[in-house]
Amino acid sequence: MRPGTEQRVLDAAEELFFTRGIAATPIDAVLERAGVSSATLYRGYPSKEALVAAALDRRHDEWTAAWDRAVERATDDRARLLAVFDALDAFRSTPTGSRWCAFLGTAAEYVDAPQELRTVLDRETDTLRRRLTEAARPLVGDGAPALAAQLLLVVSGSLAMRLRDPGADSSTARAVAEALLP
């Protein structure tokens with residue numbers, strides 16, 4: 001698949017799957033939005049799940065870059081750890097930001113996710129856990145894995161709250177996280 005075509009396909013898939021839902025979005029809608037034929041799509045992605053996995057992979061990279069930018073702006077260890085909340089709000093305001101978390105949404109739609117999706121979902125969770133642990137280590141030393149687990153729960157809850165209140169930001173989650181810090 002040509003890079004420009006692949007970009008259009010992934011843009012369409014990401015927009016439709018992560019705003020309308022994967023099960024609710026037929027492949028024909030992605031084809032129409034991307035302006036490509038089914039033969040072109042299936043040359044690059046042999047299944048709907050492969051397309052979802054590719055869209056999630058790209059989203060993971062974009063999310064990680066947004067988080068990196070938030071960390072770069074942080075001035076101390078505490079701010080670097082809490083930068084995840086700045087990144088959540090910044091990412092949501094991008095054109096590819098959706099009403100909540102594409103990874104949580106995908107996990108919710110696939111009770112027993114195919115391996116290609118399980119791999120990308122696990123990658124995202126592992127990235128969150130690892131990065132939160134690394135950022136917590138300067139603040140709490142050996143307690144970093146436990147703090148990271150708590151923060152992962154706070155981050156996930158903040159993302160889920162966006163379904164209940166589409167205008168919600170991460171300020172409440174940040175306050176909960178700050179209360180967990182020494």
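How many helices and how many strands does the protein chain have? In this predicted model, the protein chain has nine helices and zero strands, and from the N terminus on its elements accordingly run α-α-α-α-α-α-α-α-α. The radius of gyration is 17 Å, close to the 16 Å that the globule rule gives for 182 residues, so the chain is as compact as a globular protein of that length. Along its principal axes, the C-alpha trace spans about 55 × 30 × 30 Å.

Of the 182 residues of the protein chain, 45% count as buried, and the accessible surface comes to about 9,300 Å², of which carbon and sulfur atoms hold 52%. Among the contacts with a separation of 6 or more, 68% are made by residues that stand 24 or more positions apart. With regard to charge, the protein chain carries 23 positive and 27 negative side chains, and the centres of these two sets lie 2 Å apart.

The largest nonpolar core has 58 residues, and those with the most contacts inside it are F17, L51, L56 and F85. Two or more residues are given to this core by each of α1 (3–20), α2 (27–34), α4 (48–73), α5 (77–92), α6 (102–109), α7 (115–140), α8 (144–164) and α9 (171–180), and the element that gives the most is α4, with 11 residues. In soluble globular proteins, nonpolar side chains tend to be buried together.

The surroundings of F85 can be described in further detail. When its neighbours within four places in sequence are left aside, F85 is in contact with V154, V155, S170, A173, R174 and A177. The last of these, A177, is found in helix α9 and counts as buried because its relative accessibility is 0%, a value under the 20% cut-off for that class. Residues up to four places away in sequence not being counted, A177 touches L82, F85 and L151. The C-alpha atoms of A177 and C101, which are 76 residues apart along the chain, are separated by 19 Å.

A second buried position is provided by T133, which lies in helix α7 and has a relative accessible area of 12%, so that T133 likewise falls under the 20% limit. Beyond residues up to four places away in sequence, T133 touches A144, P145 and A148. From T133 to L153, the distance is 13 Å in space, C-alpha to C-alpha, for a separation of 20 residues in sequence.

Two positions in helix α1 complete the description. G4 lies in this helix and is partly exposed, with a relative accessible area of 43%, a value placed in that class because it falls between the limits of 20% and 50%. G4 and R162 are 158 residues apart in sequence and, C-alpha to C-alpha, 32 Å apart in space. R20 is also found in helix α1, and, with residues up to four places away in sequence not counted, R20 touches T25, A29 and R33. The C-alpha atoms of R20 and D165 are separated by 17 Å, the two residues being 145 residues apart along the chain.

Technical notes:
Residues numbered from 1 in each chain as written. Predicted model: local features only at pLDDT ≥ 70, side-chain atom pairs only at ≥ 80, totals over all residues. Heavy atoms only, no water. Core = buried A, V, L, I, M, F, W, Y, C linked by side-chain atoms within 4.5 Å. Buried < 20%, exposed > 50% of the residue type's maximum accessible area, 1.4 Å probe, protein only. Helix = DSSP H or I, 4+ residues; strand = E, 2+ residues; numbered from the N terminus. Contact = heavy atoms within 4.5 Å. Rg over C-alpha atoms; globule rule 2.2 N^0.38 Å. Areas by Shrake-Rupley, 256 points an atom, 1.4 Å probe, with all protein chains shown as cover. Lys, Arg positive; Asp, Glu negative; His and termini not counted. Charge placed at Lys NZ, Arg CZ, Asp CG, Glu CD.
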